[in-house]
Every structure is written in C-alpha cells, then in structure tokens.
Amino acid sequence: MQPVELARKLAKEMDAHKTAGIARVYVPNEYTVFLSAKDRSRLEGYERSLEQELSGYLLEHARRRGYDLLTRPTVAFETDERLRLGEFGIQPRMVKPPAHEGEAPSQGEEGHTMVYSAVRESPAQPEERPSHRAEVTSRAIVTVDDRRYVLDGERSTIGRARDADCVLRDPNVSRHHAELRRSSRGEWTIADLGSTNGIKVNGRRVGSTRLKSGDQVTVGTTTFRFDVEQ
C-alpha cells in the first residue's frame, strides 16, 4: 500500500460521492481508511502525519474541482482483520458540524466501503501512446453486503481462499470457486472453476456466461451484485 495510490483512490471516492445542491456541489468531508493489521503496523510513527497530508491533498482536490466542503476533510485509519496485505478499504461520509458548542456533529449516511487491491494494480503511466487496437479498459465491481471489491485485472478469482481476489467467508464457497474474465472489448464473463456448489446468475444455474451491470450472482449461499465501471 503506497500513500500516493491511497491519495488517488481517496480523490476518486470524493468524485464518486458528490451531491449537487441548487448552486453548489458538496462532497464527503470524512474518510475512514481500513487497512490490514500488517499494513497498519507499517504506519507506526507517522500515521498522524500521513492523515494530515492526505487531508491536505483532498482539500486541494476539492478546490481544483470546485467542490464545497462542510468542514476541512479528515482522514482516519482503522484496522480491518478481513483485509489482506496490500488491500485497503475507503468509506466516505458527509458530517455536518454542530450548530452550537457542545452539540454532537450530525453524521450522514455511510457509503459503501470500496475495497482496493494496491498490490495488483499497475502504476499509472504519465502519458499513453496512441494505439490502433480497439481495446477497452473496464473494472468489475463486486458488491457483497456493505463491501465493494474493485477488480481490474484481466482475470480475478472468487473464493474462500485467502489468495483469491475476492474473498468470501462462506463455508459453501469453494476455495477457488469462480473466475471473472475481461475481454479486450471490456466485457466480462464469469466461469465456474469446478466448484462444489456451482454458480447462479439471476437465479439460473450456469457454467460460464457473460455478465452485465446489475446481475445478481450466487456462489455457495452468498449473493453479490456485479457492476462494470468503464
């Protein structure tokens, strides 16, 4: 987990959760970053400094985009034992400051926690060269309860094993249950990897099928929503 990658994803979450008012665009001002225990331990000694640096980065990002903030953005780190080394989650929230001294701040509804895998992401290139190939880049979004996994590799595994790209804590899910595959046109398919209990898409049993945004996929006894982000 690199701070520069974390800063980019925080800005991405700010952009994704903006709310348009009559004449202003408001964005969340409180961000909780969830890290694995090992990644959190590596911040010992400069965690507070990094929180302040990321806060300043978000403030500048909001100014560049013309966003309005109810207060200066804050960033706080928390540990999530479900995350693996290199994974991190971000949960944004809009918090209204107290109207009078002594009152508690008014907290808005918490957004989904977006889970990113910094280990599997390629470093950003300063400039892309023109290409004659009609290749489309897209990301798969897997939403399980209050957690959203961002999968941007050409192949991403779903299963119970810790080395899966999307880990499901379901005893009815095989260790390597299914695989999401992205084509050069940015289309996604899901394929059964010889699991015990198979796959269902929108209630229909499949071995392999193309997916579209909004599809409900069941593996074991867990159902998740599949979406595509271009």
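How many bridges join strand β15 to β18, and do the two run parallel or antiparallel? Three bridges join strand β15 (residues 199-201) to β18, and the two run antiparallel; the legends below return to this pair after an overview.

**View 1. Overview of the predicted protein chain.** The model is predicted, with local features requiring pLDDT of at least 70 and side-chain atom pairs counted only at pLDDT 80 or more, whereas totals for chains, interfaces and linings use all residues. Residues are numbered from 1 along each chain as its sequence is written, and side-chain values use heavy atoms, with hydrogens and water left out. The secondary structure comes to three helices and 19 strands, taken as DSSP runs (H or I of at least four residues for helices, E of at least two for strands) numbered from the N terminus. Of the 230 residues in the protein chain, 44% are buried, where buried means under 20% relative accessible area, exposed over 50% and partly exposed in between, for a 1.4 Å probe and protein chains only. Among the contacts with a separation of 6 or more, 56% are between residues 24 or more positions apart, a contact being heavy atoms within 4.5 Å.

**View 2. The open sheet β12-β11-β13-β14-β17.** Five strands form this open sheet in the order given, with mixed pairing; two strands pair if DSSP finds at least two bridges between them. Strands β12 (166-167) and β17 (208-211) stand at the edges, each with a single partner strand, so one side of each is left without a neighbour in the sheet. Strand β11 (residues 155-159), with four of its five residues buried, pairs with β12 in the parallel sense over two bridges, Gly159 standing opposite Val167. Four bridges join β11 to strand β13 (residues 178-182) in an antiparallel arrangement, in which Thr157 has Glu179 as its bridge partner. Strand β14 (residues 188-192) pairs with β17 in the antiparallel sense over four bridges, and Thr189 stands opposite Arg210.

**View 3. Strand β18 between β15 and β19.** In a regular strand the side chains alternate between the two faces of the sheet. Along strand β18 (residues 215-219), Asp215, Val217 and Val219 point to one face and are buried, while Gln216 and Thr218 point to the other and are not. In the pairing of β15 with β18, Ile199 stands opposite Val219. Strands β18 and β19 pair in the antiparallel sense over five bridges, with Phe224 as the bridge partner of Val217, and they form a hairpin with two residues between them, where Gly220 in the turn has a positive phi of about 65°.

**View 4. Surroundings of Arg225 in strand β19.** Arg225 is found in strand β19 (residues 222-229) and is partly exposed, with a relative accessible area of 38%. Leaving aside neighbours within four places in sequence, Arg225 is in contact with Ile141, Val142, Thr143, Gly214, Asp215 and Gln216. The C-alpha atoms of Arg225 and Val144 are separated by 6.9 Å, although the two are 81 residues apart along the chain.

**View 5. The second largest pocket.** About 240 Å³ of space lies in this pocket, a volume being the space filled by probe spheres set on grid points joined across faces, edges and corners. Of the 14 residues that line the pocket, the closest to its centre are Arg147, Tyr149, Val167, Leu168 and Arg169. A pocket is an open set of points on a 1 Å grid over the protein atoms alone where a 1.4 Å probe fits, with protein on both sides within 12 Å along at least five of seven lines, and lining residues have an atom within 4 Å of a point.
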